[in-house]
Amino acid sequence: MTTDEATKSEGEVQAAALAERGEDITPARDRGVLKIIKRPGSEDETPMIGDKVYVHYKGKLANGKKFDSSRDRNEPFVFSLGKGQVIKAWDIGVATMKKGEICYLLCKPEYAYGSAGSAPKIPSNATLFFEASRAGAVELLDFKGEDLFEDGGIIRRIKRKGEGYSNPNEGATVEIHLEGFCGGTRFDCKDVKFVVGEGEDHDIPIGIDKALEKMQRGEHCILYLGPRYGFGEAGKPKYGIQANAELVYEVTLKSFEKAKESWEMDTKEKLEQAAIVKEKGTMYFKEGKYLQAVIQYGKIVSWLEMEYGLSEKESKASDSFLLAAFLNLAMCYLKLREYAKAVECCDKALGLDQDNEKGLYRRGEARLLMNEFELAKCDFQRVLEVNPQNKAAKSQISVCQKKTKEHNERDRRIYANMFTKFAERDAK
Amino acid sequence: MPEEQSQTIMAVDELQAIIQRCVAGQKCLEDGYASQLLEVIQNEKNKVIIKNMGWNLISPLVRCIFMYKQEDDKREHCLKILDQLAQLCNPKELFLGLLEQIEQTSGEQVCQTVMLLLQPLQTVLLKLQNKKAYSVGLSLAMIMNQLTPLPVPYTKQQIQEDKLGLCQCCNAVVDFAKPFVSEVVKNMEKSSEYNDMELKEELLKFCMKSLKYPLLTAQLEQLEGIEEHPFRRFATEIIDILWNIRELIPLVFLHRKGKSPHWENQEFADIEQKNSAESLACLSYLMFVQRFGIDCFPMVFSPSYLLQCNMTHIEVLLIRTEESMLSKGLDLFESCLLRMENNSLLHQYLEFRGFINVPQVLVKVMTLCPIEHLRKKSLNILQLFIDKFDAEGKYTLFRCLLKTSNHAGVEGYVIKNIKDQIHLSLMKACDNTWFTGQHLISLLDLVLLLPEGAETDLLQNSDRIMASLNLLRYLIIKDCESDNQTGVWTILPKIEQNFLKPLHVGLNMSKAHYEAEIKNKKENRREAHSSNTVCSLTVSGEKMPAMTTEMQLQVLHSALFTFDLIESVLSRVEELIEVKIKGGMDENS
């Protein structure tokens, strides 16, 4: 027998075995996905929805022809479970596996690529077979909690999946049950109704607001918050939380009502809401809650920046809101040390009002902190052109000049050393 | 004379001798004594001098090579000299000399020079020990920089002609890079922790640059009569390189925002991400439309997820105005949609920014793009997109398009789609709460009205108005008052107030206005032939001829015709309403 024939008959045998003895793991019990365990897993736990799973696999068509294998890429295949990223058969199948388990899966087209197939290798209405070879069939290597923003700041483990896929958006009204833990001790437990982005009003850290936008109705999950998404440097004396503490929250999203999307609101509504939102932003800013303030001012930008067809009166109001929003956003970003974003916002503010004193000054500040001394100096000089009395600008200009000088000195020293080093090396 | 002074004089003498030799070498070449120079260079005794000063000869050599004809012996000799220099000279200096030469060319000379110097450059780079990766990167960057201003051949004829040699040159460059790719591969196999990322990084940068230029603007479809399409070959090679250095799959999934491993400063990473957006879009196009490298791609992703991943790329391509990029965006969108079954795309996907942005961008292409076949194609793709969504998705998408498209033709098209969905719901062809009852009423509120009441410009909105009237007519006929599945009978009074009555008023006003205009023109024509042009129209810098009275009358008449059309459908609809209501009353009495 040739290798192809051998593979084919091996494939047929295994497919037949699955069809006969395989366990139907579909919720609908329609035998769309059949499974046989080749080697049981080492631990008891199965992965939860949203977990990042690492899998090795080899896939074949009904005729035995291989169409894909992770081992050919020398890398495990990674995906988020239960999110519709992979064919249905896998979301169902892998969820039943334990760590270290190896199994076979036989998948009907309705749970794979259906009538559309997947060009170029998978034809229409293909039954797929994820099968065993000496290397292993579908092997679940590992799974871990979901890193919501891929920066280690918020890790989520879902205890009970919510319904559907819809999530609260920014500005949605949510009803949740929440318990907060720090160092193993519970410091907060309540049922609360609030607007996403304004959790701070209820002593809820920004991480919860951000996480809620990825939760579903009825979901019960555990959130591990790093300090950036927790109470940060200020801590929370009210609860006895120190600065930069790591927090754990158990949250149940009981219900929510989404906020209107930008395109669903008409101009009148947007202008009304802009006034409300601007005040909220200013309130947060005064309390030093810059991340929350950014959310509020950001709404003004997303509603009005691309708004067309405004009457003259509406145009004036809109521009005034946008200008205030950009200037305030710039201030927030300066406080948050995101200087490039601060410059971007100042640019936009100056686009609306090119001689705006605050805009020029704040851009100068941001550039100074990014070590762009020449540009910063230009901005401060323009401030003086607009308002010769601005003492702060004057002193900033001297700072720029001083820093430029320091930098040049430093460069000179570095290069002087460099040439000496080269000369020494060449002489050898 | 003191010791030092005599030594200094000797050094100066030597220096002068060396300089003279260089000048002599150049003169030799220019005077046509290439073969003699070749002998001098091949002479063992001169090895040291050549090693240190040979790089000076690059510039005159290149000049001479381009001067001599193909068959000329002297050209052969010059090429041999070039080869020898690559073997004998100090690699670091020769490298700088070659690079300098490339940097100095421009215009028509660029491709020729690059292709000439690639071989010696490669030889020299392979000999470098320190800073090899940096030098390879510098060379590739420099070469691509020089090539980028050149226009990319687009039509079949341009590609066959390859006037500036760009097609040939690109493929030569990618071949030039191959030994360095092999080196990276070898190093990766040796140690599982491959520490020296530098060479790999430089190759990655080169690939990213190539994806943007020339590939993004190149025509990449198979062309009849061209056996080996140079840019298809180039694309395949680039993808090969990416696969070999293990960057292909990670790049395709770069849409996952996160800390880029290349930069410590997140802001630089953001900037890089912006610049690389077009390269990544091109990569997706190559993979999913032209199927280059698709063999390496995992075949377990759901088609919805693939569409989601590609939405950003599609958007990046569709917001451009160049045909090469627009058509790639449309092709990519189409290929993703064709992988999906109808009604399979969950409405929740509309919560992703891209899924709402892209149809709006598509509408802009449909209405504003000057290229007809692209407009047609985008319309087809819009319909495909609509078809893939589940019922709630279609519903939300229709709402969004009605509110954001600001174009009567598009609105009319959407309204026709709504009618089709209602039809399917009534036929029980699909289980549908979204196109009957309460939800439908909310949608009809958006459709069955005149945007500016009786003052709406009926001509400009005629597409939309006709579609709305046809929809209403359909509802009246299909849905009996007793059934009222669609809810149209419930809101009939509102429809009459917001739509039918103002439409009557508008039609009367418009017809009266246009009829008056026609009368005016006819009278004026009888009087003077003076052209009182109120305004003139300029298109593409050319002033359009003023419309003759005949033409103007034609336009006015056709407007009247449109009004008549609208009015006839309106009357029919009102007739039907009366009949149905009367019929209902008769039944009840």
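## A patch on the surface

Let's start on the outside of this predicted model. Leu15(B), Ile19(B) and Val23(B) together make a nonpolar surface patch of about 280 Å². Leu15(B) belongs to helix α1 of chain B, which covers residues 3-30.

## The nonpolar cores

Moving inward, the largest nonpolar core holds 218 residues, and within it Trp90(A) and Leu128(A) touch the most other members. Helix α10 of chain B (residues 166-190) supplies the largest share of this core, with 12 residues. Apart from it there is another core of 30 residues, including Val294(A), Leu304(A), Leu329(A) and Cys346(A).

Trp90(A) deserves a closer look. Leaving aside residues up to four places away in sequence, its contacts are Val55(A), Tyr57(A), Phe77(A), Phe79(A), Leu81(A), Ala95(A), Phe130(A) and, from chain B, Val300(B).

## Annotated repeats

An unreviewed UniProt entry lists "repeat: TPR" for residues 323-356 and 357-390 of chain A. In the model, residues 323-356 of chain A are 79% helix and 0% strand, with end C-alpha atoms 9 Å apart. Residues 357-390 of chain A are likewise 79% helix and 0% strand, and their end C-alpha atoms lie 9 Å apart.

## Backbone details to check

Two non-glycine residues of chain A are worth a visit. Arg31(A) has a positive phi of about 60 degrees; it sits in the loop between β1 (23-24) and β2 (33-39) and is partly exposed, at 37% relative accessible area. Asn125(A) has a positive phi near 55 degrees; its place is the loop between β7 (102-107) and β8 (128-130), and it is partly exposed at 49% relative accessibility.

In chain B, Tyr213(B) and Pro214(B) are joined by a cis peptide bond with omega of about 5 degrees. Pro214(B) lies in the loop between α11 (198-212) and α12 (230-244).

Key. Residues are numbered from 1 along each chain as its sequence is written. Chains are lettered from A and ligands numbered from 1 in the order in which they are written. This is a predicted model: local features need pLDDT of at least 70, side-chain atom pairs count only at pLDDT 80 or more; totals for chains, interfaces and linings use all residues. Side-chain values use heavy atoms; hydrogens and water are left out. A nonpolar core is a set of buried Ala, Val, Leu, Ile, Met, Phe, Trp, Tyr and Cys residues joined through side-chain atoms within 4.5 Å. Buried means under 20% relative accessible area, exposed over 50%, partly exposed in between (1.4 Å probe, protein chains only). Helices (H or I, at least four residues) and strands (E, at least two) are DSSP runs, numbered from the N terminus. Contact means heavy atoms within 4.5 Å. Patches are made of residues with over 30% relative accessible area and no salt bridge: like charges are joined within 9 Å, nonpolar side chains (Val, Leu, Ile, Met, Phe, Trp, Tyr) within 5 Å. Accessible areas come from the Shrake-Rupley method with a 1.4 Å probe; for residues, only the protein chains shown count as cover. A salt bridge is a side-chain nitrogen of Lys or Arg within 4 Å of a carboxyl oxygen of Asp or Glu. UniProt positions are given in the numbering used here, feature names are shortened, and annotations may be inferred rather than shown by experiment.
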